[in-house]
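The exercises below are meant to be worked through with the sequence and the model open side by side. Each task is followed by a solution that goes step by step.

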Amino acid sequence: MRREPPQTVGDYAPLLFPAAMLTIFFVVPFGTMIAVSFFQRQQGGFYTPAFVFDNYGRFLSAFFGSVLGFSLMMAVAVAICCVVLALPFTYMLTRMARSVQVVWLVALLSVLSLSEVIIGFAWSTLFSRTAGITNILVALGLMGEAKALTPSFAAVLTGMVYQAFPYTVLVLFPALVRLDPTLTEAARTLGASPLKAFFTVVVPALRNTIVATLIMVFIFALGSYLLPQLLGRPQHWTLSVLITDQAIYQSNMPFAAAMAVFLVLVTLGLVALTVIAGRKGEAA
Amino acid sequence: MSGLALQNVVKEFGSFRAVNNVELTVPHGTFVCMLGPSGCGKTTLLRMIAGLDLPTGGAIRLDGEDITRVPTHKRNLGMVFQSLALFPHLTVGENIAYPLRIRKAPKEDQKRRVEELLSMIHLAGYADRPVSKLSGGQRQRVAIARALAISPKLFLLDEPLSALDAKLREAMQVELRQLQQQLGITTIVVTHDQREAMTMADTVVVMNGGEIRQAASPIEIYRRPADSFVADFIGQTNLIEAEADTQGQVSVLGQPVPGLALPAGAAKATLSIRPEDVHLTAPVAGAISGTVTFVRDLGGTIETFVDVAGRQIVAVSTPRQRPDVTVGQQVGVALTPDVCVVLRK
């Protein structure tokens, strides 16, 4: 169906409400944040309007550079783990009976209703020495004695993958449902084992969806600031944790705003790179 | 034995028997069309031959080897799906090369074979096009070429032409038959289009309710249908009851037809008489007669509907032999024993 392009100013009327909401709740706060990032901090107080680059200059240091690098690496790791786990899972889910699908999707949606705090404390209990999963391994005779698995990088990664996994499945699900099941059958009749058919047909046919999902989970994971604190050591803290720390505990709004703006810019740059790389791959 | 053999093949979905004790032998190099109404089990049977479904019972043999439990990807067959199932992320050439790539054939062999197949399907030079840029007929040909890339032992097609418009479909039927004869490959096509089956097949297998009703050459199926289902399903026919008296004298619609015999001991049977075998005459005493109820003049053929004692009989003739009848006229219906096919049931 082709629609007529809007002719008069009145035709744009339906856009007014969403545009206003977007301006009030996104553009204005974001603009404020950008402005604050250039303000002068008042020691022991708040901040005064100014136009200085001190705040940006301050984190051009090895420390903040490595935190930024770690944050990006962590987000990439979460995105890859989620897609690698969710793609085969969702593929099998779409081939199950409708009733089984509903049970799984409801279970996944209920994970979404959990807050980050609850997820963090649940996993820190599961990874603890006194009440954790290692006790089960000891009971089964697989381990000598119970030990704490947290705080550690693996614990942070597990918690974040757990949190992002339902989103990943929900984003992949529609694309996999729409995928023509005869494609894999055709691949099998042409000599591909089911596993080979999955990697030579399902994955390449869904390339764009997979890239989009990776970006979504990456951005989602970048914003996580509670789980690294609950499950990790200070060296596992992401930039989001430092931003929270500066904004809330150090009362250094200008510096926190500058870090946030920088994080947004780096993220946008990475996403743009991915999209461009994807376009190139498509043309080739 | 060389060729495909289905032995007592059964497929059940829960309590539903989709395929019931199917026995069929397909000699090497034959073209078989499985024909039947939707839900008759023909596609299920094809999927079992391909290994996409496992039979509940029975055996499938290819060249004497039992392949019932051999996984699909080890059967070395070519299959064309109703949806064609071309890989959207690959070009025409990559689609055709897919079975060769999976088998790790050398790159130059792949290239050579793709070019060979593209010229065979009259699409030389299309290798680098995306499949989405092709027309329906071209996609059809690419799907066929991809299935034939490894020179399979068995070529299976599931309603391959149903997505094409009528003209293109008829042209593709002829092309597919010629291609099969040129390659001498054992081919099984599932279709619900009897014209398609009559055009292409060496053997037509008529199925209904999960069973094979008749498997024979197209002309045999048409001329000598085994039962009333086959007679009615293939082309048009008149199904008429015949009765035999104690002396074996057979009468049809109350009039004796000398020379016609029913199976020994049977007092009643159903006859199938093709409309083109029914000749209309002037009313004659002692012959079957009826009233013309409708004349359908289709230009190429003329169908005359005659009511004989409450039963409708259709006669078809060509314009040159146009019967000079009008609605309401009394006519005689001439039946000779050689045009009456006595059906099993």
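**Exercise 1.** In what order do the strands of the open sheet that contains S11 of chain B stand, and is their pairing parallel or antiparallel?

*Solution.* Bear in mind from the start that this is a predicted model. Reading across the sheet, one finds five strands in the order S13-S12-S11-S14-S20 of chain B, and the pairing is antiparallel. The next step is to look at the edges, where strand S13 (255–256) and strand S20 (341–342) of chain B each have a single partner strand, so that one side of each is left without a neighbour in the sheet. For S13(B), that pairing is with strand S12 (residues 250–252) of chain B, in the antiparallel sense and over two bridges. At the level of residues, Val252(B) stands opposite Gln255(B) of S13(B).

**Exercise 2.** Describe the open sheet of chain B that has the order S15-S19-S16-S17-S18, and follow one of its pairings down to a residue pair.

*Solution.* Five strands make up this open sheet, and their pairing is antiparallel. Strand S15 (279–281) and strand S18 (311–317) of chain B stand at its edges; because each has a single partner strand, one side of each lacks a neighbour in the sheet. Neighbouring strands of this sheet are turned against each other by 45° on average, with direction ignored. Turning to one pairing, strand S16 (residues 288–297) and strand S17 (residues 302–308) of chain B run antiparallel and are joined by six bridges. In S17(B), Glu303(B) is the bridge partner of Arg296(B).

**Exercise 3.** Where is Ala285(B) found, and does it count as buried or exposed?

*Solution.* Ala285(B) lies in the loop between S15 and S16 of chain B. To settle the second part, count its C-beta neighbours inside 10 Å: there are 6, and Ala285(B) therefore counts as exposed, since the cut-off for that class is 12 or fewer. A further step is to compare sequence with space, for Ala285(B) and Gly332(B) are 47 residues apart along the chain, while their C-alpha atoms are 8.8 Å apart.

**Exercise 4.** How many residues of chain A are in contact with chain B, and which element gives the most to that side of chain A?

*Solution.* The contact involves 16 residues of chain A and 17 residues of chain B. On the side of chain A, the elements that give two or more residues are helix H8 (181–189) and helix H9 (194–205). Of the elements on that side, H8(A) gives the most, with six residues. Sorted by character, the residues of chain A that touch chain B divide into seven nonpolar, four polar and five charged.

Key:
Residues numbered from 1 in each chain as written. Chains lettered and ligands numbered in written order. Predicted model: local features only at pLDDT ≥ 70, side-chain atom pairs only at ≥ 80, totals over all residues. Pairing = 2+ DSSP bridges. Helix = DSSP H or I, 4+ residues; strand = E, 2+ residues; numbered from the N terminus. Axes fitted to C-alpha atoms, helices over the stretch in contact; angles between N-to-C directions. Buried ≥ 20, exposed ≤ 12 C-beta atoms within 10 Å, placed from the backbone. Contact = placed C-beta atoms within 7 Å. Nonpolar A, V, L, I, M, F, W, Y, C, P; charged D, E, K, R; others polar.
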